[in-house]
Amino acid sequence: MTILPLDPTANPTPAALEDFLAQVQAAARQRGRAQLASISVEVEALDPLAVLESIFEPGERHFYVERPAEGLAVAGAEAVLAFEAKGPERFAAVQRFIDETLANTIAVGDLGASLTGPHFFAAFSFFAETEPGEAFAAASVFVPRWQVSQRAGRTVAVANLLIEAGSDLHALAARVWRAHGKFRAFDYSTPEFPVAAGAPDVAATLRDVGSDGFYQRSVARALEEIASGEFQKIVLARAKDLTAAAPLHPLRVLNGLRQRFGDCYSFSVANGRGQSFIGASPERLLRVQAQVLTTEALAGSAPRGATASEDAAVGGALLRSEKDLREHRAVLGSIVRRLRELSLVPEYPQRPVLRRFANVQHLHTPVRARLPDDVRVGEVLSRLYPTPAVGGTPRAAAVARIREHEAFPRGLYAGAIGWIDGRGDGEFFLGLRSALVEGATARLYAGAGIVAGSSPEQEFAEAEWKFRAMQEALLAP
Ligand SMILES: C=C(O[C@@H]1C=C(C(=O)O)C=C[C@H]1O)C(=O)O
């Protein structure tokens, strides 16, 4: 990425903007290929979710993620550039697309702050190949036309444009200028959306995907495979289909999720064809910031207690549960081993602690490592993913059985979702506690890790606590 030492706020006129675009166009002519121009400007406080909601159209592509506990929210919409890949090399293919694009990117603005410059929003499905008719490709990445983000109360608006040798700069400058004016004094009014506002949707139906007892039978079969030594751990999920009386608005559902799950990643990824994958995920896959990698093991689960003493007792039992500690160690051990394969030196505490969310509590161990300059986020992703938190151990043997034990294709459920920026920093979370929303229907997903000692009924119940977050958010007024 080339950074031009121009301050777009020092001389904020359409002519200055056109001048900058002319420099980018000169580079496009010289290099013989289109250049990405990226303009970042700090603006007055905006709520990125409200901005996205006010321009929401089911047919437009978008990416949204918010983690209120960290003061982080990012929205990006409309694709300037997009790329898809599949197969085992999909992480490398996406990283190559990003590197090539950045080699042809010219940016201006306050690029010292975080969440400035172009962001590549990416979603990787759980399996390296998808099935016909699925909503998302096995790997998809896009650069949005505009992006609004907030971190620690500071809001940045980014406009991205593709400039070709023959682009009409005057028209492009006028468009950015109009968008800039809009973000300076944002009008939050929202278009009409046919949602039954106010009353809870009593007409909604919710039913399990797969026949009665399918999940419990799958868990029983997986336990036999574990006993025969095929693998030690496998994650098996359930799905439920919800049909509402009126179309569901994914971003309004998100507003409920972010309020209730401040410590989770509340997200929405829209494919531009009317389907949005949304959720409130508790689990970071990785974050890379200034060459420091942060990841975590999150495995071993219990419900929340109704009173403080019941909650403490349930949490205490989880911290001592031999089965949950074994499950947790399998996840941690695999993360540590895979990071060492990249010659990293992971640091982590000896014992897990509890992480509590509104509906469920988990065993948690944070992991950190310094990342050498030449190791890219895509490389770490391809090494770490899928972690045994969503796949199993040993990885290949467990993952090979998942599809036959589950009644539906996973799509982005348990997938890797996040972004890589122009500095090579990035953040990815797992697509858990999630649903695929389309019109008035939604498919909800939740699963659990199966190890020796698991019981089919208990794992069914564990998924049920996890479903609760999305179920309540979707059915809320
Ligand atoms: C598989 C899911 O969650 C994962 C499985 C967990 C477990 O089995 O204890 C805990 C957290 C997640 O890593 C899910 O939410 O669908």
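# Exercises: two strands and an enclosed ligand

Strand β7 (residues 139–151) is mostly covered, with 12 of its 13 residues buried (buried is under 20% relative accessible area, exposed over 50%, partly exposed in between, with a 1.4 Å probe and protein chains only). Strands here are DSSP runs of E with at least two residues, helices are runs of H or I with at least four, and both are numbered from the N terminus. This is a predicted model, where local features need pLDDT of at least 70, side-chain atom pairs count only at pLDDT 80 or more, and totals for chains, interfaces and linings use all residues. Residues are numbered from 1 along each chain as its sequence is written, and side-chain values use heavy atoms, with hydrogens and water left out.

**Exercise 1.** Work out which strands pair with β7, and in what sense.

*Solution.* Two strands pair if DSSP finds at least two bridges between them.

- Step 1: take strand β4 (residues 72–85), which runs antiparallel to β7 and is joined to it by 12 bridges. Here E84 has S140 as its bridge partner.
- Step 2: go to strand β6 (residues 119–124), antiparallel to β7 over 4 bridges. F124 is partnered with A139.
- Step 3: finish with strand β8 (residues 154–163), again antiparallel to β7, over 6 bridges. R151 is bridged to R154, and in this hairpin, with 2 residues between the strands, A152 takes a positive phi near 50°.

**Exercise 2.** Stay in β8 and classify L162: is it buried, partly exposed or exposed?

*Solution.*

- Step 1: locate L162 in strand β8.
- Step 2: its relative accessible area is 28%, so call L162 partly exposed.
- Step 3: check a contact far along the chain: Q35 is 127 residues away in sequence, yet the C-alpha atoms of L162 and Q35 are separated by 5.8 Å.

**Exercise 3.** Decide which faces of β19 are covered, and find the neighbours of this strand.

*Solution.*

- Step 1: recall that side chains in a regular strand alternate between the two faces of the sheet.
- Step 2: sort the residues of β19 by side. G426, F428 and L430 sit on one side, E427 and F429 on the other, and all are buried. That fits the tally for strand β19 (residues 426–430), where 5 of its 5 residues are buried.
- Step 3: add the neighbours. Strand β13 (residues 284–289) pairs antiparallel with β19 over 4 bridges, with R287 opposite E427. Strand β18 (residues 416–421) also runs antiparallel to β19, joined by 5 bridges, and I417 stands opposite F429.
- Step 4: look at the turn. β18 and β19 make a hairpin with 4 residues between them, and G424 in the turn has a positive phi of about 90°.

**Exercise 4.** Describe what surrounds the ligand.

*Solution.*

- Step 1: list the shell. There are 18 residues around the ligand, and the closest are E283, S301, Y413, R433 and G447 (near means a heavy atom within 4 Å).
- Step 2: see where they come from. β14 (292–303), β21 (441–451) and α11 (456–475) each supply at least two shell residues.
- Step 3: go through some oxygen contacts of the ligand. A polar backbone atom of G447 is 2.6 Å from a ligand oxygen, and a backbone N or O atom of G449 lies 2.8 Å from one. In the side chain of K466, an N or O atom is 3.5 Å from a ligand oxygen.
- Step 4: check the cover. The protein covers 100% of the 390 Å² of accessible area that the ligand has on its own (Shrake-Rupley method, 1.4 Å probe).

Definitions and conventions:
A polar contact is a pair of N or O atoms within 3.5 Å; within protein, one must be able to donate a hydrogen and the other to accept it, and residues adjacent in sequence count only if both atoms are side-chain atoms.
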